[in-house]
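Reader: Hey, I've got a protein to look through for class. Can you walk me through it?
Author: Sure, here it is, ask away.
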Amino acid sequence: MNVLFFGITKDIVGSSEINFNNELKPANVGSLKKKLIDAYPEFSKLNSLAVAVNSEYADDTLTLTGNEEIAIIPPVSGG
């Protein structure tokens with residue numbers, strides 16, 4: 001499972017991507033978010049965090065098989 005990071009999330013992780021092997025892969029999007037917060041506590045300070053699975057936005061209940069490309073999209077501000 002390949003997880004891509006953009007913007008501030010890339011800065012938090014210190015890399016533009018990480019990989020989970022099948023033994024460590026989260027079961028769904030919600031558990032992926034929890035794993036990221038556990039590994040990188042700065043994620044908990046973000047007021048929102050969008051997740052796209054295979055180029056489509058996903059909610060926390062979406063089941064992950066391990067073959068997806070996942071993008072972690074930080075909150076966007078503008079004016």
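Reader: How many aromatic pairs does the structure hold?
Author: The structure holds two aromatic pairs. Rings of Phe, Tyr and Trp (its six-membered ring) pair if their centres lie within 6.5 Å; planes under 30 degrees apart count as stacked, over 60 as edge-to-face and the rest as tilted. In one of the pairs, the ring centres of Phe5 and Phe43 are 6.3 Å apart with planes at 50°, so this pair is tilted.

Reader: Hang on, before I trust any of that, what kind of model is this?
Author: This is a predicted model, where local features need pLDDT of at least 70, side-chain atom pairs count only at pLDDT 80 or more, and totals for chains, interfaces and linings use all residues. Residues are numbered from 1 along each chain as its sequence is written, and side-chain values use heavy atoms, with hydrogens and water left out.

Reader: And what is the mean pLDDT of the protein?
Author: The mean is 90, and 96% of the residues reach 70 or more. pLDDT is the predictor's confidence in each residue, from 0 to 100. Among the elements, strand β2 (residues 17-19) has the lowest mean pLDDT, 91, and strand β4 (residues 56-57) the highest, 96. Helices (H or I, at least four residues) and strands (E, at least two) are DSSP runs, numbered from the N terminus.

Reader: Ok, back to the rings. Where do Phe5 and Phe43 sit in the chain?
Author: Phe5 is in strand β1 (residues 2-5), while Phe43 is in the loop between α2 (29-39) and β3 (50-53). They are 38 residues apart, so the pair links distant parts of the chain.

Reader: Is Phe5 buried or exposed?
Author: Phe5 is buried, with a relative accessible area of 2%. Phe43 is buried as well, at 3%. Buried means under 20% relative accessible area, exposed over 50%, partly exposed in between (1.4 Å probe, protein chains only).

Reader: Why is the pair of Tyr40 and Phe43 called edge-to-face?
Author: The planes of Tyr40 and Phe43 are at 70°, so the pair is edge-to-face, and their centres are 6.2 Å apart. Tyr40 counts as partly exposed, at 24% relative accessibility. Phe5, Tyr40 and Phe43 form one aromatic cluster.

Reader: Cool. Switching topic: how many residues has the largest nonpolar core?
Author: That core has 16 residues, and those with the most contacts inside it are Val3, Phe5, Leu32, Ile70 and Ile72. A nonpolar core is a set of buried Ala, Val, Leu, Ile, Met, Phe, Trp, Tyr and Cys residues joined through side-chain atoms within 4.5 Å.

Reader: Which element gives the most to this core?
Author: That's α2, with three residues. β1, α2, β3 and β5 (69-73) each supply at least two.

Reader: What is Leu32 in contact with?
Author: If you leave aside its neighbours within four places in sequence, Leu32 is in contact with Val3, Phe20, Pro26, Leu64, Ile70 and Ile72. Contact means heavy atoms within 4.5 Å.

Reader: And the strands, how do β1 and β5 run?
Author: They run parallel, joined by four bridges. Phe5 stands opposite Ile72 in β5. β3 and β5 pair in the antiparallel sense, also over four bridges, and there Val53 has Ile70 in β5 as its bridge partner. Two strands pair if DSSP finds at least two bridges between them.

Reader: Last thing, charges. How many salt bridges are there?
Author: The structure holds three. A salt bridge is a side-chain nitrogen of Lys or Arg within 4 Å of a carboxyl oxygen of Asp or Glu. Lys33 forms one with Asp60, with the closest N and O atoms 2.9 Å apart. Lys33 is in helix α2 and Asp60 in the loop between β4 and β5, 27 residues apart.

Reader: And how far apart in helix α2 are Asp38 and Lys34?
Author: They are four residues apart, so about one helical turn separates them. Their salt bridge has its closest N and O atoms 3.0 Å apart. Asp38 counts as exposed, at 53% relative accessibility.

Reader: Which residue does Glu42 bridge to?
Author: Glu42 forms a salt bridge with Lys45, where the closest N and O atoms are 3.2 Å apart. Glu42 is partly exposed, at 42%, whereas Lys45 is exposed, at 62%.
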